[in-house]
Amino acid sequence: MTIAPFPPPARSRELDMPPGRWHGRLWVSDGPLTDPGYFRTCVADFERTMLWPVLIPHDLRFAANGEDWIDDRGRLAPADGRIGAADPELVLSRWWDPSCCDRRDCLRPFGATFPGLAKRTARGVDPIAEAGNTGSVLAARGHYRLGLVETERPADIPALLGWTGMIKSTDDVAALSAVMRTWEDRFGATLIVLGFDALELSVAAPPKNQSRALAVAAEHRAFSLRSFTGQHSNLREFAAALVHNRHWRFSWD
C-alpha cells in the first residue's frame, strides 16, 4: 500500500513542533530529536492533543542507501477498525510455536499448547508518566527522530499506520495491536519506540517474580519468536530477564 495524503490533525497546531512533515498518519521530525525532554512534554500533552509520540531509531540498513523505510517501504491497509474484534488470547494461541530449535525442554514448564494470558500486575506508577520518563532517557542516549500519531491509545498505532514490521511472521496488524492493548491494560506496557521491524514498550507494572514472569514470557515468545530465540535458550531464562524489567523490546528482523 502506498502512503496517501492525510489531513494533519487540527490539534497538531497546538504543539511547538520541530521541523518535520506528515507521512500519511505519521508525523516525523526532519532530524534527530535534540531535546530529549520534548518527548516527555509530548507525553504530558497527550490527553489534550491526542498525539502520541514515538521514537524512530536511526536504521543503517536504509541510511546506507539514502532511503527511509517510512517512505520507501510499503504499508498494509489501516486496520484500527478491526482491533476490537481480535481476542488477544486466541491470537497468541494461534501464534504459539510448540517447536524448539535444539532443546526439547526449552518451553518448560509449558508445552505444545499456549498456557493462556498472564495475570495483571498491580501498578505502582502511572504508565503515561513512566513512558515519558523512559522515552526521554532513550532519546538522550540514542539517535532518534520523533514521530507523532493521532490515536486514542498508543497500542493502536501499528494498526492505524498499517505497520509491516512483523510481516515475516504475520500480516494481521490488528491482532498485533489487540495484544498490545491487553498489555497496556494488564502491565501498563506502552509503545515508545517504532522502528522498521522493531517495537519497544515502557512497562509500568512488570511481573514481580519468576512465576508470574513465566506466563508473560510465553506471551512474548508467541508475539515475537525472533526476540526469544535471539536472546535465550529456554523460557525460564527469558522469564528471569523480565522480572522487574520496565523496558520490553521486540524484533522481527
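**Close-up 1. Helices α8 and α9 meet along a shared contact in this predicted model.** On the α8 side, the contact is built from Leu176, Val179, Met180, Trp183, Arg186 and Phe187, and these residues meet Val216, Glu219, His220 and Phe223 of α9. Sorted by character, the residues of this contact comprise seven nonpolar, one polar and two charged. To find your way around, look for α8 at residues 173-187 and α9 at residues 210-223. Their axes come within 12 Å and cross at roughly 160°, which makes α8 roughly antiparallel to α9. The crossing of this pair is left-handed.

**Close-up 2. Histidine 220 sits in helix α9.** Is this residue buried or exposed? Histidine 220 counts as buried because its relative accessibility is 3%, and the cut-off for buried is under 20%. Setting aside neighbours within four places in sequence, histidine 220 is in contact with Trp183, Phe238, Leu242, Trp248 and Phe250. One of these partners, Trp183, belongs to the α8 side of the contact shown in the previous view.

**Close-up 3. Helix α5 packs against α8 at an oblique angle.** Here the two axes come within 9 Å and cross at roughly 120°, and the crossing is left-handed. From α5, the residues Pro88, Val91, Leu92, Arg94 and Trp95 meet Ala175, Leu176, Ala178, Val179 and Thr182 of α8. This contact divides into eight nonpolar residues, one polar and one charged. Leu176 and Val179 of α8 may look familiar, since they also take part in the contact with α9.

**Close-up 4. Serine 93 lies in helix α5, which spans residues 88-95.** With a relative accessible area of 35%, serine 93 is partly exposed. Which distance separates serine 93 from proline 115 in space? From C-alpha to C-alpha they are 8.2 Å apart, while in sequence they are 22 residues apart.

**Close-up 5. Strands β5, β6 and β7 are linked by antiparallel pairings, β5 with β6 and β6 with β7.** Strand β5 (residues 189-194) has six of its six residues buried, so the rest of the structure largely encloses this strand. Five bridges connect β5 to β6, and the two strands form a hairpin with three residues between them. Within that pairing, threonine 190 has serine 202 of β6 as its bridge partner. Strand β6 (residues 198-203) is also joined to β7 by five bridges. There, leucine 201 is bridged to tryptophan 248 of β7. Strand β7 (residues 247-251) is mostly covered too, with four of its five residues buried. Tryptophan 248 also appears among the contacts of histidine 220.

**Close-up 6. A cis peptide bond joins arginine 108 and proline 109.** The omega angle at this bond is about 10°. Proline 109 is found in the loop between α5 and α6.

**Close-up 7. Methionine 50 and histidine 244 are two loop residues with positive phi angles.** Methionine 50 is not a glycine, yet its phi is about 60°. This residue lies in the loop between α2 and β3, and at 19% relative accessibility it counts as buried. Histidine 244 also has a positive phi, near 60°, without being glycine. Where is histidine 244 placed? Look in the loop between α11 and β7. Histidine 244 is exposed, with a relative accessible area of 53%.

Definitions and conventions. Residues numbered from 1 in each chain as written. Predicted model: local features only at pLDDT ≥ 70, side-chain atom pairs only at ≥ 80, totals over all residues. Heavy atoms only, no water. Buried < 20%, exposed > 50% of the residue type's maximum accessible area, 1.4 Å probe, protein only. Pairing = 2+ DSSP bridges. Axes fitted to C-alpha atoms, helices over the stretch in contact; angles between N-to-C directions. Parallel < 35°, antiparallel > 145°, perpendicular 65-115°, else oblique. Left-handed = near helix turned anticlockwise from the far one by under 90°. Contact = heavy atoms within 4.5 Å. Nonpolar A, V, L, I, M, F, W, Y, C, P; charged D, E, K, R; others polar.
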